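Subject: A structure for you to look at

Hi,

I am passing on the structure we talked about, and I hope you enjoy turning it around on your screen. Have a look first, then read on for what I found.

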Amino acid sequence: MRLPRRTFALHAPPVRRATSLHASALNFVPACSTTDARARDLLQDFVAGARRLFVVTGAGLSTESGIPDYRSEGVGLYARTDRRPMQHAEFVRSAKSRQRYWARNFLGWPQFSSHEPNSAHRVLQRWEETGKLHWLVTQNVDSLHSKAGQKKLTELHGCAHRVMCLGCGAVSARKELQKRFIALNPHWRAQAGAVAPDGDVFIEDEQVLHFRVPSCENCGGILKPEVTFFGDSVNKATVQFVHDRLAESDAVLVVGSSLQVYSGYRFLLAASDRKMPVAILNIGPTRADHLSQLKVSGRCGEVLSVLQPI
């Protein structure tokens, strides 16, 4: 691929546009610029020129399905509240922390699990079908890529729709755990607050005091979502697998991620070392802007939907 060795920052003043997004999704999508037509044309050229496209997606993709993220200006978790996500070490060492986490997750699960893929997920799945997309690695744990039918997929941080035992390693479906929660807590009620990014809701600590948490049915061990909590690290074999898929690719497209977490950013560093062309579609700055040949600001679904994978 031949690309100019410069970064394009193409934008107009931030506006709230008329959109096909559901009103609830708009609550979590930050104000953004109207994407410049030239920016779209440049991104079209980038995609058309790639034969084996490697795509990295993040929370900015799922906000358009109504799932909040952590860092978006004005609407992310960090902007809306002083609450912070569960840390791996805290979950492992503290039964009270696990009780609080699972109570919140139990209340949030019906809504979180009902979210559906948006137009951006569907476009990326079609690119896979046409052979344009070689591999997709997502930092999201919401299963929306899988729901859209994506097959060439690595869920880098795991998936909240699966539960694992920290004792024996057994993996089970989160929907089955919901049934066990209901059976153990038939009369438990709590008033839920704001929705958090990883499938839970905010409730006051005193509301969780009598919430009962089941253990692994196989060994009695601690149950944990099969996701990488903050402070934990991604499995080395998974990281190496993704590096191998990157090595088979000829261009990298980042969709809806600020890349602030190193687990995803590392692949942009690797792409830079390989002198691979990089394009970024995201609202707001990213950690890898200096590594990209093209930076486009806009909503993922609106921009990707007008591109042709030729």
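One term before we start: contact here means that heavy atoms lie within 4.5 Å. Please keep in mind that this is a predicted model.

With that in hand, start at helix α6, residues 95-114, which lies across strands β7 and β9. The helix runs at about 140° to β7.

Those two strands belong to an open sheet of three, in the order β8-β7-β9, with antiparallel pairing. At the edges stand β8 (171-173) and β9, each with a single partner strand, so one side of each has no neighbour in the sheet. On average, neighbouring strands here are turned by 45° against each other, direction ignored. As background, strands of a sheet pair through backbone hydrogen bonds.

Now zoom in on β7 (residues 158-165) and β9, which are joined by five bridges in the antiparallel sense. Gly158 sits opposite Val227 of β9, while Met164 has Lys224 of β9 as its bridge partner.

Is β9 mostly buried or exposed? Four of its five residues (223-227) are buried, so this strand is largely enclosed by the rest of the structure. For that count, buried means under 20% relative accessible area.

Stepping back, the protein chain holds twelve helices and twelve strands. Of its 310 residues, 53% count as buried. The chain exposes about 14,400 Å², and carbon and sulfur atoms supply 50% of that area.

Happy exploring!

Note on methods: Residues are numbered from 1 along each chain as its sequence is written. This is a predicted model: local features need pLDDT of at least 70, side-chain atom pairs count only at pLDDT 80 or more; totals for chains, interfaces and linings use all residues. Side-chain values use heavy atoms; hydrogens and water are left out. Buried means under 20% relative accessible area, exposed over 50%, partly exposed in between (1.4 Å probe, protein chains only). Two strands pair if DSSP finds at least two bridges between them. Accessible areas come from the Shrake-Rupley method with a 1.4 Å probe; for residues, only the protein chains shown count as cover. Axes are lines fitted to C-alpha atoms, for helices over the stretch in contact, and angles run from 0 to 180 degrees between N-to-C directions.
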